[in-house]
Structures are given as structure tokens and as C-alpha cells.
Amino acid sequence: MTSLEQFLTRAESLLTRIEELLPAQGATAIDWQSPTAAFRWRRKNGRGMLTPIAHISPISLPDLFFVERQKALLEQNTRQFLQGKPANNVLLTGARGTGKSSLVKACLNEFSEQGLRLIEVDKNDLIDLDEISDLIASRPEHFILYCDDLSFDEGDSSYKALKVALDGSVAAQPDNILIYATSNRRHLLPEKMSDNDGYSRSDDGDLHPSETVEEKISFSDRFGLWLSFYPYSQDEYLFITAHWLRAFGCSEQQIAQAEQEALQWALHRGSRSGRTAWQFARDYAGRVL
């Protein structure tokens, strides 16, 4: 290799190292004074960045029905958080389409004018929680780090990162940050029949769970507040369907005529949920209006 080739090789290596230290191309500084209340954490060219969400779901707390207890608890917890009082990280679990994600979005819309901000973090990016915390810990706003449809596989690195962030680090969680997560699994990790093999029975008949079971239960325990959601009855489903049909501009006569179609729609989907009701209302209103 000639001296020139050696020089070019070293120069290329140096430029590559410099590029890794520069902000990702296209990244822009966050305007914290803008009306944007929600952001996504995204990785680009190996670097994380906050991206504003231009269009936030307009759902409000009055749009959510038959989850009054869950709504009241999450609203109170969020209000305490904004007032600088002690508040808990929250895990919302239960049947799909029953309002878990919608409740978090509705709380953001309810309290955004009081300084509440939301950062949506994908499960695979939970390893960046320390980096995100460092970025916003000194801000005057209050941030919800939100992870939707959370679940983990065995040995998942993001599982360990979230576990440490919740309650396993020497460093305390900043006062202006809470974690809200939704999941269809109450214990977030896959549960197997083999987990039961570790149970033991003492002489007095007491059952002692294995370390595997203890680990799966203790992870969910790191969330201070658990909110459980359940499938809707037929009457509840039809009530929610009627609410959304009115929101789309259907008359009471059209709503009454839509009942059988709404039930068939739910039967084909195999789910009577708020999401199913909203999807049917969009389809029906689009056809009859």
C-alpha cells in the first residue's frame, strides 16, 4: 500500500468516527414552546431523537364508557403527578380494544394545557430510557413515557432496561417522569406450563413458587398502579356503538337500524370492544351518510 493509499484509508476512518458523533441528518432541535404535546422516540443512523407528533388522537375522557373506576384512578394519579405530589407508574392490562390506550391518550388531552407531555417509546427502544430521561429530567414539563402493547420474550434486553428504570437502579426516577404501559398480558412475560414444575410443597402443605414465577410476578409489581380492563357485554357494546354513530352524525333512526349490523360486525370480529364499536361506526356512517 502506497503512502497516499494509507493516508486515504486513515482519513476515511477518521471521517467515519466524526460522523458517528454528529446529529443524525435531518434531526431538528425540539421546540418545547410549541403546542405539540406528544413525541415519539426514534432511532436514526444509530442515534435517538424526539420527533413531534403533529396529529394527536382527539379522544377525550367523556368518550370512554364503562371504565369509570379505571378512568378515575388514572386521572387522579396524573393530577397528583402534575401537582408535584407522589404518583405511581401505571400498568394497564386486559382484553384488546377495551380502552387502555385510549385512556392514556384522553389523559394527555385533558392535562396537556397543564404541562403534561407524552413520549411514545417502542418496546425495542426501551434500552434508551436512560438517554431519554437525561434529555428531559431538567425540563419544567411533566412527561409520561408511554409504551403501548407491551410484552417481552425470555431474555429480552428491553425487559431488563425497563425493570431497572422502574425500580432497580441506584439513581432515582426523576420527579417529572412517569411510565405508563399497556399490555394484554398481566405479567408481561410469557407464562409456560413448565413454570409450574418449580413449585414445591412443604411439610405443612404450603406451596412455594419457583424463582421463575416469582420473577414474572415481581416485574409487574414494579408498577405501583394496576388497572384491569374487561370485555364489554352486548348492551355495553351497543351503547358505545350508538355514541360513535352520533359523533359521526347519524340520526337516532339510523342508529336503531344499525343494531343488528353492529352485532354481526362484532360476531365476525370475535370481539365486543370499544375499538370494534368505533370501527363499525366508521364503516356504517361512511355508507349511510
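This briefing covers helix packing, cavities and the largest pocket in one structure. The model is predicted. Three helix pairs are described below: H2 with H3, H7 with H9, and H9 with H10. The structure also holds 2 cavities of 30 Å³ or more. Its largest pocket contains about 650 Å³ of space.

**Helices H2 and H3**

- Helix H2 spans residues 68-82, and its axis comes within 11 Å of the H3 axis. The two axes cross at roughly 45°.
- That angle makes H2 oblique to H3.
- H2 passes H3 in a right-handed crossing.
- On the H2 side, the contact is made by Gln70, Lys71, Leu74, Glu75, Thr78, Arg79 and Leu82. H3 brings Leu103, Val104, Cys107 and Phe111.
- By class, the residues of this contact of H2 with H3 divide into 6 nonpolar, 2 polar and 3 charged.

**Helices H7 and H9**

- H7 and H9 pack at an angle of about 115°. Their axes are 11 Å apart.
- The crossing of H7 and H9 is right-handed.
- H7 makes the contact through Gln234, Tyr237, Leu238 and Thr241. H9 answers with Glu259, Ala262, Leu263, Trp265 and Ala266.
- The contact of H7 with H9 has 6 nonpolar, 2 polar and 1 charged residues.

**Helices H9 and H10**

- Helix H9 covers residues 259-269, and helix H10 covers residues 274-288.
- The pair packs at about 130°, with axes 10 Å apart.
- H9 and H10 are therefore oblique to each other.
- Their crossing is right-handed.
- From H9, the residues in contact are Glu261, Ala262, Trp265, Ala266 and Arg269. They meet Thr276, Gln279, Phe280, Asp283, Tyr284 and Arg287 in H10.
- The residues of the contact of H9 with H10 divide into 5 nonpolar, 2 polar and 4 charged.
- Ala262, Trp265 and Ala266 of H9 appear in the contact with H10 and also in the contact with H7.

**The largest cavity**

- The largest cavity has a volume of about 50 Å³.
- Its lining consists of Val121, Leu126, Leu129, Leu145, Tyr146, Cys147, Leu162 and Ile179.
- Strand S5, residues 142-147, gives the most to this lining, with 3 residues.
- The lining of the largest cavity divides into 8 nonpolar residues, no polar and no charged.

**The second largest cavity**

- The second largest cavity has a volume of about 40 Å³.
- Thr78, Val104, Cys107, Leu108, Leu116, Leu118, Ile144 and Tyr180 line the second largest cavity.
- Helix H3 (100-111) and strand S4 (116-121) each supply at least two of these lining residues. H3 gives the most, with 3 residues.
- The lining of the second largest cavity has 7 nonpolar, 1 polar and no charged residues.
- Thr78, Val104 and Cys107 line the second largest cavity. These residues also take part in the contact between H2 and H3.

**The largest pocket**

- About 650 Å³ of space lies in the largest pocket.
- The largest pocket is lined by 28 residues. Ile59, Gly99, Ser102, Lys105 and Arg275 lie nearest its centre.
- Two or more lining residues come from each of H3, strand S6 (177-183), helix H7 (234-247) and H10.
- H3 provides the largest share of the pocket lining, with 4 residues.
- The lining of the largest pocket divides into 10 nonpolar, 10 polar and 8 charged residues.

**Where H3 appears**

- H3 packs against H2.
- H3 gives the most to the lining of the second largest cavity.
- H3 also gives the largest share of the lining of the largest pocket.

Terms used: Residues are numbered from 1 along each chain as its sequence is written. This is a predicted model: local features need pLDDT of at least 70, side-chain atom pairs count only at pLDDT 80 or more; totals for chains, interfaces and linings use all residues. Side-chain values use heavy atoms; hydrogens and water are left out. Axes are lines fitted to C-alpha atoms, for helices over the stretch in contact, and angles run from 0 to 180 degrees between N-to-C directions. Angles under 35 degrees count as roughly parallel, over 145 as roughly antiparallel, 65 to 115 as roughly perpendicular and the rest as oblique. A crossing is left-handed if the near helix is turned anticlockwise from the far one by less than a right angle, and right-handed if clockwise. Contact means heavy atoms within 4.5 Å. Ala, Val, Leu, Ile, Met, Phe, Trp, Tyr, Cys and Pro count as nonpolar, Asp, Glu, Lys and Arg as charged, and the others, Gly among them, as polar. On a 1 Å grid over the protein atoms alone, a cavity is a set of points where a 1.4 Å probe fits but cannot get out, and a pocket is an open set with protein on both sides within 12 Å along at least five of seven lines; lining residues have an atom within 4 Å of a point. Grid points are joined across faces, edges and corners, and a volume is the space filled by probe spheres set on the points.
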